[in-house]
Amino acid sequence: MNYRHHYHAGNFADVLKHAALLRLAGGLQAKEKGILYLDTHAGRGGYDLSAAAQGGSLGRAPEWPDGVGRLLGRADLPPELADYRSAVLAFDEAARARVGGEPGASPRFYPGSPWLMVGRLRPQDRAVLCERHPEEEAFLASEFAGRRRVSTQAMDGYAAVKAMLPPPERRALVLIDPPFEAQDEWTSIVGAVSDGLARLPGGTFAIWYPLTARARVDVFYRRLLALPKLPPCFTVELLIGGETAGLKLWGCGLLVLNPPWGSAAPLDAMAKWLAPVLAQSAGAKGGVHWLVEES
Ligand SMILES: C[S@@+](CC[C@H](N)C(=O)[O-])C[C@H]1O[C@@H](n2cnc3c(N)ncnc32)[C@H](O)[C@@H]1O
């Protein structure tokens, strides 16, 4: 459990994941009935980018300037990214006010998936946020203490899929966003998807994955496709460089099962728009690829 999201907060992967997450939530919320948002690997909720900028024991440079930082001055954002940027800036403004800070030209605070989604809950929705790292979980719990409709859980995110589904609402958006430190992470994800679909066949599951080796992702897809009754699903991927560009993490994807109707086209356009803007070397590209088409 060495992973800390702090250095990565607001990087290209967060941009894709968080903007897509908001779009998926919006699609589900087109219907009146409430949803459960289950964040299996929630992190600490929000991040102080000024702390990331100071480095730390690992001495790593913050990654947000090449992620959300590249969207700040753009006047031509597609709607999904304009919505995402507004949410980031609103969070920054509120968090600065909390610590008595002045507004600044670039964000100091960046919302993780918990704060982004809690900001979108309607009165009929609720959120369950799971985190296993003791320090991150303690911070997460303090962030949301006393909030109605938000529960933080110090528990294993994969166990939470079994424990929390099916929800009384019978509708859920589940984000599975692990650190990929463990050798068996991909296996755990396939198990969680299988468990989750057995408990809530119509649930929307969004799984973030890194692109460091295409062969590993292909095995993951094959194992998912072998699950019985796999519902409609697509991947939205963003490559910031080609596989041979020498980048350790040259891209990432979000696998979406049971996507809300009509979400593929805007996410495809968003990923295609992001690729040249967030590129770090030649070969950047993005888009949606259906694994199981909607019928
Ligand atoms: C990529 S970060 C989460 C980022 C967050 N979802 C966001 O978008 O802001 C992954 C988190 O999972 C936590 N974690 C690792 N293994 C876990 C497990 N089995 N169950 C729950 N949380 C876990 C890590 O401590 C880390 O905070």
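The legends below accompany several close-up views of a predicted model.

**View 1. The open sheet and its order of strands.**
In this predicted model, eight strands come together in an open sheet whose order is β5-β4-β1-β6-β7-β9-β8-β10, with mixed pairing. At the edges of the sheet lie β5, made of residues 150-153, and β10, made of residues 285-292, each of which pairs on one side only. Between neighbouring strands of this sheet the turn is 15 degrees on average, when direction is ignored. Strands of a sheet are in general held in pairs by backbone hydrogen bonds, in either a parallel or an antiparallel arrangement.

**View 2. Strand β4 between its two partners.**
Strand β4, which covers residues 126-130, pairs with β5 in the parallel sense over four bridges, and β1 and β4 also pair in the parallel sense, over four bridges. On the β5 side, A127 stands opposite V150, while the bridge partner of V128 in β5 is S151. On the β1 side, the residue that stands opposite V128 is L38. The strand is mostly covered, with five of its five residues buried. In a regular strand, side chains alternate between the two faces of the sheet; in β4, R126, V128 and C130 point one way, whereas A127 and L129 point the other way.

**View 3. Strand β1 and its pairing with β6.**
Strand β1 comprises residues 36-39 and β6 comprises residues 172-176, and the two pair in the parallel sense over four bridges. Within this pairing, Y37 of β1 stands opposite L173 in β6. From β1, L36 and L38 point one way and Y37 and D39 the other way, and all of these residues are buried.

**View 4. Helices packed against strands.**
Helix α6, formed by residues 157-164, packs on the sheet and touches β1, β4, β5 and β6, with its direction making about 145 degrees with that of β4. Helix α8, formed by residues 214-225, lies across β7 and β10, and runs at about 155 degrees to β7, the strand of residues 204-211.

**View 5. Helix α1 and the loop that follows.**
Helix α1 consists of 17 residues, 12-28, and reaches 25 Å from its first C-alpha to its last, which is close to the 24 Å expected at 1.5 Å a residue. Of its 17 residues, 15 are buried, so α1 is largely enclosed by the rest of the structure. In the loop between α1 and β1 lies A30, which counts as exposed because it has 9 C-beta neighbours inside 10 Å, where the cut-off for an exposed residue is 12 or fewer. A30 and T204 are 174 residues apart in sequence, and their C-alpha atoms are 14 Å apart in space.

**View 6. The shell of residues around the ligand.**
The ligand is surrounded by 20 residues, and the closest of them are H41, G112, S113, H133 and G157. By character, the residues of this shell divide into six nonpolar, seven polar and seven charged.

Key: Residues are numbered from 1 along each chain as its sequence is written. This is a predicted model: local features need pLDDT of at least 70, side-chain atom pairs count only at pLDDT 80 or more; totals for chains, interfaces and linings use all residues. Two strands pair if DSSP finds at least two bridges between them. Axes are lines fitted to C-alpha atoms, for helices over the stretch in contact, and angles run from 0 to 180 degrees between N-to-C directions. Two residues are in contact if their C-beta atoms, placed from the backbone, lie within 7 Å. A residue is near a molecule or strand if its C-beta atom, placed from the backbone, lies within 6 Å of it. Ala, Val, Leu, Ile, Met, Phe, Trp, Tyr, Cys and Pro count as nonpolar, Asp, Glu, Lys and Arg as charged, and the others, Gly among them, as polar. The expected span of a helix is 1.5 Å times one less than its number of residues. A residue is buried if 20 or more other C-beta atoms lie within 10 Å of its own, exposed if 12 or fewer, and partly exposed in between; C-beta atoms are placed from the backbone.
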